[in-house]
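Please look over the sequence and the structure below before reading on, and keep both in view as you go through the points.

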Amino acid sequence: MSRWVKGVRTFSSAASSLLAGATTASQSARQPSSFQVFRDVPPLRQLRRSLLQNDRTVGFVPTMGALHEGHLSLIREAARENTDIFVSIYVNPTRFGVNEDLSSYPRTWDSDVAQLEKLNEELASNPGAGAGRITAIFAPTSKVMYPTLPPSSEIDGHGSFVTITPLSTKLEGSARPVFFRGVATVCMKLFNATTPDRVYFGQKDVQQTVIIKRLVQDFLIGTEVRIVETSRGTDGLALSSRNVYLGERRRAVGLTIYKALKAAEEAYLAGKVSRADILGVAKKVTERVLAEQQALAPSERALFEVDYVSLADPSTLDELDLVDPTHGAVLSAALKMAPLEETKPGEDCGLGDGKVPVRLIDNLILRPS
Ligand code: AMP
């Protein structure tokens, strides 16, 4: 690509050798054409310095890979506001608890790189998309991200961690006590490695957005936090890397999470402000669908458990008894799809043949009126 700024081209050879040092054959086989892949921090910092000296701006999009349209929507937003986009692809072990399956998290390096290349082409061919292009992929090893001690997922494990309390103990944090410690810690590291002008996060993970804003504020980090709305499938289900495990039957039933939230949102938009009135209708939806599923044969049904449905303050995430319409609220839920009990021949059961439990999360913002 001819758009490299002065001094940045010198990274090509370094990036090639970094790429060749990647951990998997598929990672090293491909040489991306329109961006460079960095496995370590110093050459990335060198690129960042060159960009700064040339008055270019960096928008940073952290991901765990297994990219889908939701991730791409963050990058498109970053392209509108920055000249250069850094995307990180790193499955962070410290956000998985000891009993959570880090190994089953989907890893799709070749497809991720292909999607990012295609997106750069799309951005280049669409003048209305903004000037930004993906310049760097940061795909560090865990040794780079956790240089002194192996990453610990134990609650009282040793290591250098960033904890944001009480925010990280609520909602998702109540079932997953180390999750947001892992998120905040890795984001702090990634922000330090990339020093972006702006960072982009999806509304889909609403608690993460609140925690990242707090992290940036409390640690005086010089970056702007941008939140991009949730991308959904045509059926309304929020896109997620884990949806590949659902299959058709569990996907159709999993949609209950969105339907329940929509019903609660409608109640708010119709003027209801009490917790009982807003969450009551969501509960009715989940209870009705669960009863319907339980009445079906094991080969036909998909069972689930509701982890929580929450109505919370947008900045503290404290549960609300009453929504102040001038302030609004966050309506969020988590639902656990159980493995299929019985499958039918030829049925689309998703990756893992319907055996992988899938936890779905979703949220809607009740806007101030
Ligand atoms: P992940 O790879 O799951 O860690 O997600 C990386 C970023 O993409 C996070 O900021 C997520 O909130 C965001 N993201 C994931 N799914 C969606 C979606 N359906 N819509 C918008 N953003 C999303």
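What follows is a briefing on the sheets, the helices that pack on them, and the surroundings of the ligand.

The model is predicted. One of its sheets is open and has six strands with parallel pairing, while another is an open sheet of three strands with antiparallel pairing. A ligand is surrounded by 18 residues, and helix H4 gives the most to this shell.

**The six-stranded sheet**

- Reading across this open sheet, the strands come in the order S1-S4-S3-S2-S5-S6, and the edges are formed by strand S1 (36–38) and strand S6 (224–228), each of which pairs on one side only.
- On average, and with direction ignored, neighbouring strands of this sheet are turned by 30° against each other.
- Within the sheet, strand S3 (residues 84–89) and strand S4 (residues 133–138) pair in the parallel sense over five bridges, and Asp84 stands opposite Arg133 in S4.
- Helix H4 packs on the sheet, where it touches S2, S3, S4, S5 and S6, and its direction makes about 150° with that of S5.
- Helix H9 (residues 206–218) lies across S5 and S6, and it runs at about 170° to S6.

**The three-stranded sheet**

- Here the order of the strands is S7-S8-S9, with strand S7 (304–312) and strand S9 (358–366) as the edge strands, each pairing on one side only.
- Neighbouring strands of this sheet are turned by 10° against each other on average, if direction is ignored.
- Strand S8 (residues 329–337) pairs with S9 in the antiparallel sense over nine bridges, and Leu335 has Leu360 in S9 as its bridge partner.
- Helix H10 (residues 247–254) lies across S7, S8 and S9, running at about 150° to S8.

**Around the ligand**

- Of the 18 residues that surround the ligand, the closest are Met64, His71, Asp205, Ser231 and Leu239.
- A polar backbone atom of Met64 is 2.9 Å from an oxygen atom of the ligand, a polar side-chain atom of His71 lies 2.9 Å from a ligand oxygen atom, and a polar backbone atom of Gly202 is 2.9 Å from an oxygen atom of the ligand.
- On its own the ligand has 490 Å² of accessible area, and the protein covers 94% of this area.
- Strand S2 (58–63), helix H4 (69–81) and strand S5 (198–202) are the elements that give two or more residues to the shell, and the contribution of H4 is three residues.
- Sorted by class, the shell has six nonpolar, eight polar and four charged residues.

Definitions and conventions: Residues numbered from 1 in each chain as written. Predicted model: local features only at pLDDT ≥ 70, side-chain atom pairs only at ≥ 80, totals over all residues. Heavy atoms only, no water. Pairing = 2+ DSSP bridges. Helix = DSSP H or I, 4+ residues; strand = E, 2+ residues; numbered from the N terminus. Axes fitted to C-alpha atoms, helices over the stretch in contact; angles between N-to-C directions. Contact = heavy atoms within 4.5 Å. Near = heavy atom within 4 Å. Polar contact = N/O pair within 3.5 Å; in protein donor to acceptor, adjacent residues only side chain to side chain. Areas by Shrake-Rupley, 256 points an atom, 1.4 Å probe, with all protein chains shown as cover. Nonpolar A, V, L, I, M, F, W, Y, C, P; charged D, E, K, R; others polar.
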